[in-house]
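Me: I have a chain to go through with you, and I would like to take it one question at a time. Could you keep the reasoning short and finish each reply on what I asked for?

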Amino acid sequence: MELTIGHFCCVLLSLFAGLASGVEITSSGPTSIEKASGQSVKLDCQFNLDTVDSGPLDIEWSLISNDNQKEDKVVIMYAGDRSYDDYFAQMKGRVHFNSADPKNGDASINLTGLKSVDSGTYQCKVKKAPGIRSRRMLLIVMVKPSKPRCYAEGPTQEGKDIVLRCKSNEGTNPLQYSWDKTSGGKLLPSSAVLDPVGGTVNVRNASAGASGSYRCIASNRVGSEECTLYLNVTPPPNTAGIIAGAIIAVLLFLIIIAIILFCCCRARHRKKYEKEICNEIREDVPPPKSRASTARSFTVGSQRSSLGSMSPSNLHEYALKPQYDKIPSDEYERPPSSVPLPPPTATRMAGPNLSRMGGIAVMIPAQNRDGSIV
């Protein structure tokens, strides 16, 4: 029994001695690396084996999860004299061992085409029973600043405050901005106030001497980009002239409107006047005559013409003849109650007596009742 206990103690002592003198990781480089996106990086993991390490060699690289409740993700591994680099789909084709035969003591890996999502803590674990060793490294993939945009804010006039701005849309913080003048005295104006975090330069009470070319540089720990801007400080505008011109323009506009309104009113009045004249002319035109009136006028006129052409000797005979061909006058057309009184008869004088008294026979034109000559 004593021999068995002693033998067991010897085995334990030899086991602890093997762990102490087994596989060792010899890399002593930095444990934190910063790289820019798109670049490549080598994660170093060199090791030495001991004669007591008799088991198979296993090498495993994993990305440590920040959440303790989630498992670590295996990136690449070496086992049974073979490497496996397709464990992590996010890095498939971008990760491989630095050495073609890692069992020679080089378990380092290379990552290409770095992305910001590749940032994290990586662990290199080397196992060869009974020895186990590991090493952790922090990789920070930073995005360098994109090309910034430079522009001036506010009126670029003398006596005004001009703000020069510089902004990069991409880049891992912290970003730093710096301004310098590349023309003239190559010094920023004495009244300029620089903000390296916001990327602005406030030129207070700008003068013509502030004109020139300016350059802004946006940078972080992995790169930098720049842009240029030309500032032209102009004299202030002639405010009085602008106001006077505006007043003149308004007055001209009002005059044109007044002329247009006057012409429209005058044309409308003229049209109305012409319409009234046409109406007055139409009111003076007599109504059309009926056939009976025309026939009566013609008959009476013919009789009067006949009387005028007769000699004084025939007048008496014509008066004695019954006149059946006369057109009835208005007296027969009117009702009996409205028959007018006969006009007073004038004393007729015979033709010979008229000649003896020195009178001259005159033909009187026949007229209608409305006074028009037939």
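Me: How many helices and strands does the chain have?

Reply: Happy to start there. This is a predicted model, in which local features need pLDDT of at least 70, side-chain atom pairs count only at pLDDT 80 or more, and totals for chains, interfaces and linings use all residues. Residues are numbered from 1 along each chain as its sequence is written, and side-chain values use heavy atoms, with hydrogens and water left out. Taking helices (H or I, at least four residues) and strands (E, at least two) as DSSP runs numbered from the N terminus, the chain has 6 helices and 18 strands.

Me: What percentage of the residues of the chain count as buried?

Reply: Buried means under 20% relative accessible area, exposed means over 50%, and partly exposed is in between (1.4 Å probe, protein chains only). The chain has 374 residues, and the part of them that counts as buried is 24%.

Me: And of contacts between residues at least 6 apart in sequence, what percentage join residues at least 24 apart?

Reply: Contact here means heavy atoms within 4.5 Å. Among the contacts in the chain between residues at least 6 apart in sequence, the portion joining residues at least 24 apart is 58%.

Me: Which strand supplies the largest share of the largest nonpolar core?

Reply: A nonpolar core is a set of buried Ala, Val, Leu, Ile, Met, Phe, Trp, Tyr and Cys residues joined through side-chain atoms within 4.5 Å. The largest one has 28 residues, and Leu43, Trp61, Leu111, Tyr122 and Val126 have the most contacts inside it. At least two of its residues come from each of β3 (41-43), β5 (57-64), β6 (73-79), β8 (95-97), β9 (109-111), β10 (120-128) and β11 (131-142). The largest share, 4 residues, is that of β5.

Me: How many residues are in the other core that lies apart from it?

Reply: Members of this other core include Cys166, Val201, Ala206 and Cys216. Its residue count is 18.

Me: Which residue of β6 is the bridge partner of Ile59?

Reply: Two strands pair if DSSP finds at least two bridges between them. β5 and β6 run antiparallel and are joined by 6 bridges, and β6 is mostly covered, with 5 of its 7 residues buried. The bridge partner of Ile59 in β6 is Tyr78.

Me: Which residue stands opposite Tyr78 in β7?

Reply: β6 also runs antiparallel to β7 (residues 82-84), with 3 bridges joining them. Their hairpin has 2 residues between the strands, and Gly80 takes a positive phi near 60°. Opposite Tyr78 in β7 stands Ser83.

Me: Why does Lys73 count as partly exposed?

Reply: Lys73 is found in strand β6 and touches Trp61, Ser62, Leu63 and Phe88, not counting residues up to four places away in sequence. Lys73 and Phe88 are 15 residues apart in sequence, with 7.1 Å from C-alpha to C-alpha. Lys73 counts as partly exposed because its relative accessible area is 44%.

Me: Is Asn110 buried or exposed?

Reply: Asn110 lies in strand β9. Leaving aside neighbours within four places in sequence, Asn110 is in contact with Val41, Lys42, Arg94, Val95, His96 and Asn98. Its relative accessible area is 17%, so Asn110 is buried.

Me: Which residue's side chain makes a polar contact with the side chain of Asn110?

Reply: A polar contact is a pair of N or O atoms within 3.5 Å; within protein, one must be able to donate a hydrogen and the other to accept it, and residues adjacent in sequence count only if both atoms are side-chain atoms. For the side chain of Asn110, such a contact is made at 3.1 Å with the side chain of Asn98.

Me: Which residue of β16 stands opposite Ala192?

Reply: β15 (residues 192-195) and β16 (residues 200-203) pair in the antiparallel sense over 4 bridges. They form a hairpin with 4 residues between them, where Gly199 in the turn has a positive phi of about 75°. The residue opposite Ala192 is Val203.

Me: How far apart are the end C-alpha atoms of residues 242-265?

Reply: UniProt, in an unreviewed entry, places the feature "transmembrane region" at residues 242-265; such positions are given in the numbering used here, with feature names shortened, and annotations may be inferred rather than shown by experiment. In the model the span is 100% helix and 0% strand, and its end C-alpha atoms are separated by 35 Å.
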